Amino acid sequence: PFTNANNGTIALTAGALFLSNTFNNLAGSTFDMQGDFSVNADGGTPVFNNAGTFVKSAGTGVGVMSGTFNNTGTLHVAAGTLQQDGTLNNSNVIQLDSGTTLQSQVTTNFNAGTTITGPGQFLLSIGTTTANAAVTIGNYAQTGGTLAGTGAVTLSGPFSWSGGIISDSGGTTANAGGTINGSVVVSGPFTNANNGTIALTAGAL
């Protein structure tokens, strides 16, 4: 196990960090991915515990996080895309700046305490994102995978949906309309609210 403590900052300035054990980023400390780099699973039991701040601060392309990422602090995408290729267990702040994307490729769990801030996009492309508690997403896109769970999901900004399944039994509410431009499946309660307009521009619902 490796621990970043005492309000320290560790900057990943090139290449990749390979994990086969536990990396602890304590409260007050920062792990700064300063480009389109990666934290990779390398056998064993790779776990990144973030109680401080994990930030992708630079790079217009894709940075990658593999293994298990447990966020009880702040996960901040300030530049480009952060692609989650493992399991994200979130129970605190996800901050998505303008023009950025947090992409879920395998498993994302929005647990109690999850707050998603900023105008950036949450993109579900593969795998399952589960709302285990109520969560509001301002900029939501789905190209595949399944949005599941028992917590109420509120889409507070216009959404884009081109593939996959929404099956959340807690109900999904679109408060600002959106676009469906592919073949999609709704198997949980879905509500179009607040005088929103949902446009079916291609495919089928």
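Four strands line up in an open sheet in this predicted model. Their order is β20-β23-β26-β29, and the pairing is parallel. Look at the two ends of that order: β20 (135-137) and β29 (190-192) are the edge strands, and each has a single partner, so one side of each is left without a neighbour in the sheet. Going from one strand to the next, the twist averages 15°. As a general point, strands of a sheet pair through backbone hydrogen bonds, in either a parallel or an antiparallel way.

Now for a pair within the sheet. Strand β23 (residues 153-155) runs parallel to strand β26 (residues 172-174), and three bridges join them. Want one to find on screen? Start at Thr-154, whose bridge partner in β26 is Thr-173.

Next, the charged side chains. How many salt bridges does the structure hold? There is one. Asp-36 and Lys-56 make this contact through their side chains, at 2.9 Å from N to O. Side chains of opposite charge can pair when their charged atoms come close. The two residues are 20 apart in the chain, and the pair links distant parts of it: Asp-36 belongs to the loop between β5 (30-34) and β6 (38-41), while Lys-56 is in strand β8 (residues 53-58).

Are the two partners buried or exposed? Here is how they come out:

| Residue | Relative accessibility | Class |
|---|---|---|
| Asp-36 | 34% | partly exposed |
| Lys-56 | 0% | buried |

Lys-56 counts as buried because its 0% is under the 20% cut-off. Asp-36, at 34%, falls between 20% and 50%, so the label there is partly exposed.

Definitions and conventions. Residues are numbered from 1 along each chain as its sequence is written. This is a predicted model: local features need pLDDT of at least 70, side-chain atom pairs count only at pLDDT 80 or more; totals for chains, interfaces and linings use all residues. Side-chain values use heavy atoms; hydrogens and water are left out. Two strands pair if DSSP finds at least two bridges between them. Axes are lines fitted to C-alpha atoms, for helices over the stretch in contact, and angles run from 0 to 180 degrees between N-to-C directions. A salt bridge is a side-chain nitrogen of Lys or Arg within 4 Å of a carboxyl oxygen of Asp or Glu. Buried means under 20% relative accessible area, exposed over 50%, partly exposed in between (1.4 Å probe, protein chains only).
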